[in-house]
Amino acid sequence: MAAAEPVAADRSGPAKRKSSLRAARPSAADPIPPSHPFDGLPQVGTFFWTDGTNTGRFCGGTVVRSPLHNLVVTAAHCLRAPDPKRHLSFVPQYHDGLKPHGIYPVDRIYLDQRYYDLGTNGGARWDYAVVRLGARADGAEVEDVTGGYDLVPYPGYNHRDVRLIGYPGNSDTTHPKPLDCTSSTHRYTSTDPAAPGDFLEIACAGYIGGTSGGPFLVRDFTGYTLIGVIGGYHTGGDFPDVSYSSYFTLDTLALYLHAVRGDTPAAPRIPSS
């Protein structure tokens, strides 16, 4: 997995989501908290297209607690249009070319039907996905190996200490490790009529393309809970120093329950002739 290619899914690649050359949003009044590379967390990983050459690292995902110990949450725009000719897998705590917890094949991808119908802008408030994974080669389920975090609907918008983790770029040559940053979140109401909704907003420096799907984590007595993923408004934002998440609601919980049950996932509708 040393080589990598960008994904053709909206803003999950470095050329689209959060242009890596643009400055922070000019209206940001306070200093932007810095991010730093680190070796990652067992519960947070990245996706790969595995097509025989092990290329295509993109987006992040987080293992969440579930009855069958096999679910990951990421951004919907990362997986809205996967290439059926390639196989998709999840690698927890990937860094520096290492796969310390193994590789887990993607079994099913659950997106809200409204996200398919309305697209990345019109459906921005539903920019999250629940991914059902297959077991590792030795039969182990991902949560049994890495642990997981609780998925929390209606978490509130204002949080003082939120940990933001993302996998920048798509090449280990330039970005061998994920990024880590702690900052505060607040409510952002979109002023773009094409992308309506209320979103979590967080300021953290350097979250360029590729970081989509990375978690917004807040501490609780069990460790962390997942309150968002990089995406939503403009598939995560227009600037590398300000990121967004769709707000988790009962719609998010319903998607999670569909994945737990193994229901048939939603899919793009076939236009009537």
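## Strand 7 and its surroundings

Strand 7 is covered on both of its faces: A129, V131 and L133 are buried on one side, and V130 and R132 are buried on the other. Because five of its five residues are buried, strand 7 is largely enclosed by the rest of the structure. This description rests on a predicted model.

Two strands that pair with strand 7 can be named. Strand 4 pairs with strand 7 in the antiparallel sense over four bridges, and L71 stands opposite R132. Strand 6 also pairs with strand 7 in the antiparallel sense, here over five bridges, and R108 stands opposite R132.

Helix 4 (residues 250–261) lies across strand 7 (129–133) as well as strand 3, strand 4 (71–74) and strand 6 (104–111). The helix runs at about 15 degrees to strand 7.

## The barrel

Strand 7 belongs to a barrel closed by six strands in the order 2-3-4-7-6-5, with antiparallel pairing. On average, neighbouring strands of this sheet are turned by 45 degrees against each other, direction ignored.

Elsewhere in the barrel order, strand 2 (residues 44–50) and strand 3 (residues 57–64) are paired in the antiparallel sense through five bridges. Within this pairing, F48 has R57 in strand 3 as its bridge partner.

## Aromatic pairs

The model contains 12 aromatic pairs. One of them joins F199 and Y233 in a tilted arrangement, with 6.0 Å from centre to centre and 50 degrees between the planes. This pair links distant parts of the chain: F199 lies in strand 11 (residues 198–203), whereas Y233 lies in the loop between strand 13 (223–229) and strand 14 (242–246), 34 residues apart.

Both partners fall under the 20% limit for burial. F199 counts as buried because its relative accessibility is 0%; Y233 is likewise buried, since its relative accessible area is 8%. A separate topic is the aromatic cluster, which is formed by F47, W49, F58 and F90.

## Confidence of the model

The mean pLDDT of the protein is 88, and 85% of its residues reach 70 or more. Over residues 1–11, however, the pLDDT is below 50, although the model gives this stretch 45 contacts beyond near neighbours in sequence. The pLDDT also stays under 50 over residues 14–28, for which the model has 49 contacts beyond four places in sequence. Where pLDDT is low, the predicted coordinates should not be read in detail.

Conventions. Residues are numbered from 1 along each chain as its sequence is written. This is a predicted model: local features need pLDDT of at least 70, side-chain atom pairs count only at pLDDT 80 or more; totals for chains, interfaces and linings use all residues. Side-chain values use heavy atoms; hydrogens and water are left out. pLDDT is the predictor's confidence in each residue, from 0 to 100. Contact means heavy atoms within 4.5 Å. Rings of Phe, Tyr and Trp (its six-membered ring) pair if their centres lie within 6.5 Å; planes under 30 degrees apart count as stacked, over 60 as edge-to-face and the rest as tilted. Buried means under 20% relative accessible area, exposed over 50%, partly exposed in between (1.4 Å probe, protein chains only). Two strands pair if DSSP finds at least two bridges between them. Axes are lines fitted to C-alpha atoms, for helices over the stretch in contact, and angles run from 0 to 180 degrees between N-to-C directions.
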